[in-house]
Amino acid sequence: MRIYKQILAITLAIFIVLVGNSSALAADTANGAKIFTVNCAACHPNGGNIIRWGKGLKKRALRWNKMDSIEAISSLVAKGKNNMSAFQDRLTQEEINDVAVYVLQQADQGWR
Ligand code: HEC
C-alpha cells in the first residue's frame with residue numbers, strides 16, 4: 001500500500017511542476033505583449049517600422065539584420081540605436097527579455 005502512496009505523491013509533484021512552469025511562461029508572453037503595446041507599437045505597428053523601412057520586426061527583416069535572437073533584440077532594446085531610443089532606464093532586464101521573447105514569437109506567427 002505504501003508504494004501506491006509514493007507513486008501518487010511523485011505523480012502529483014510532477015503535475016505541479018509542469019502546471020507551474022506553463023503558467024509562468026504564459027505570464028511572460030502576456031507581459032511582453034503589454035510592454036510592446038506601451039513602449040514599441042507606436043514605431044513598430046504590426047511588426048513594421050514607421051521610421052526605417054527595412055528594419056521591421058518581421059521574420060525576414062530580423063533574420064536579414066541578424067536580429068533574430070533574444071540576445072540581439074534585448075541588447076538593442078536596452079541600448080537603442082540611431083532613431084530608436086534606449087530602454088534600459090525605463091524597463092527592467094526581465095521586462096526587456098519578455099518583450100524580446102514576444103517579438104520573436106510574433107515574428108514566427110507572422111504578426112497575426
Ligand atoms: C521612436 C521609435 C521607436 C520605438 C519607440 C521603438 N523602436 Fe525599435 N526601431 C526603431 C528604429 C528607427 C529602428 C532601426 C534602428 C537602426 O538600425 O537604425 C528600430 C529597430 C528595432 C529592431 C531591429 C529590427 C531589424 O530588423 O533590424 C528591433 C528588434 C526593435 N526595434 C524592437 C523594438 C522594441 C522591442 C521596442 C519597444 C521596447 C522598440 N523597438 C521601440 C524605432 C523605434
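Student: Let's begin with the ligand. Which element gives the most to the shell around the ligand?

Tutor: That is α3, which contributes three residues. A residue counts as near the ligand if its C-beta atom, placed from the backbone, lies within 6 Å of it. Helices such as α3 are DSSP runs of H or I with at least four residues, strands are runs of E with at least two, and both are numbered from the N terminus.

Student: Before we go on, what kind of model is this?

Tutor: This is a predicted model, where local features need pLDDT of at least 70 and side-chain atom pairs count only at pLDDT 80 or more, while totals for chains, interfaces and linings use all residues. Residues are numbered from 1 along each chain as its sequence is written.

Student: How should I read pLDDT, and what is its mean for the protein?

Tutor: pLDDT is the predictor's confidence in each residue, from 0 to 100. Where it is low, the predicted coordinates should not be read in detail. Here the mean is 89, and 85% of the residues reach 70 or more. Among the elements, α2 has the highest mean, 98, and α1 the lowest, 74.

Student: How many helices and strands are there?

Tutor: Four helices and zero strands. Along the sequence the pattern reads α-α-α-α.

Student: Back to the ligand, then. How many residues surround it, and which are the closest?

Tutor: The shell has 26 residues, and C40, C43, N65, N82 and M84 are the closest. At least two shell residues come from each of α2, α3 (70-79) and α4 (93-108). To sort a shell by chemistry, take Ala, Val, Leu, Ile, Met, Phe, Trp, Tyr, Cys and Pro as nonpolar, Asp, Glu, Lys and Arg as charged, and the others, Gly among them, as polar. By that scheme this shell has 15 nonpolar, eight polar and three charged residues.

Student: How do I read burial, and which residues of α3 are buried?

Tutor: Count the other C-beta atoms, placed from the backbone, within 10 Å of the residue's own: 20 or more is buried, 12 or fewer is exposed, and in between is partly exposed. In α3, I73, S74 and V77 are buried. Viewed down the helix axis, the buried residues of α3 fall within an arc of 100 degrees, so they line one face of the helix; the arc is that of the directions from the axis to the C-beta atoms. The face turned away from the buried side carries E71 and K79, which are exposed. Across the whole protein, 19% of the 112 residues are buried.

Student: What do the buried residues of α3 pack against?

Tutor: They pack against α4. A contact means that two C-beta atoms, placed from the backbone, lie within 7 Å. Take I73, which lies in α3. I73 is buried because 22 other C-beta atoms lie within 10 Å. Leaving aside residues up to four places away in sequence, I73 touches M67, A100, V103 and L104. The C-alpha atoms of I73 and A100 are separated by 5.7 Å, though the two are 27 residues apart along the chain.

Student: What is a nonpolar core, and how many residues does the largest one have?

Tutor: A core is a set of buried Ala, Val, Leu, Ile, Met, Phe, Trp, Tyr and Cys residues joined through C-beta atoms within 7 Å. The largest has 13 residues, and V77, V99, A100 and V103 have the most contacts inside it. α3 and α4 are the elements that give two or more residues to this core, and α4 gives the most, with seven. Setting aside residues up to four places away in sequence, V99 touches G32, I35, F36, C40 and V77.

Student: What about the backbone: where does phi turn positive in a residue other than glycine?

Tutor: Most residues other than glycine have a negative phi. K66 has a positive phi near 55 degrees and sits in the loop between α2 and α3. N82 has a positive phi near 45 degrees and is found in the loop between α3 and α4. K66 is exposed, with 8 other C-beta atoms within 10 Å, and N82 is exposed, with 8 as well. There is also a glycine to look at: G80 follows α3 and has a positive phi, near 75 degrees.
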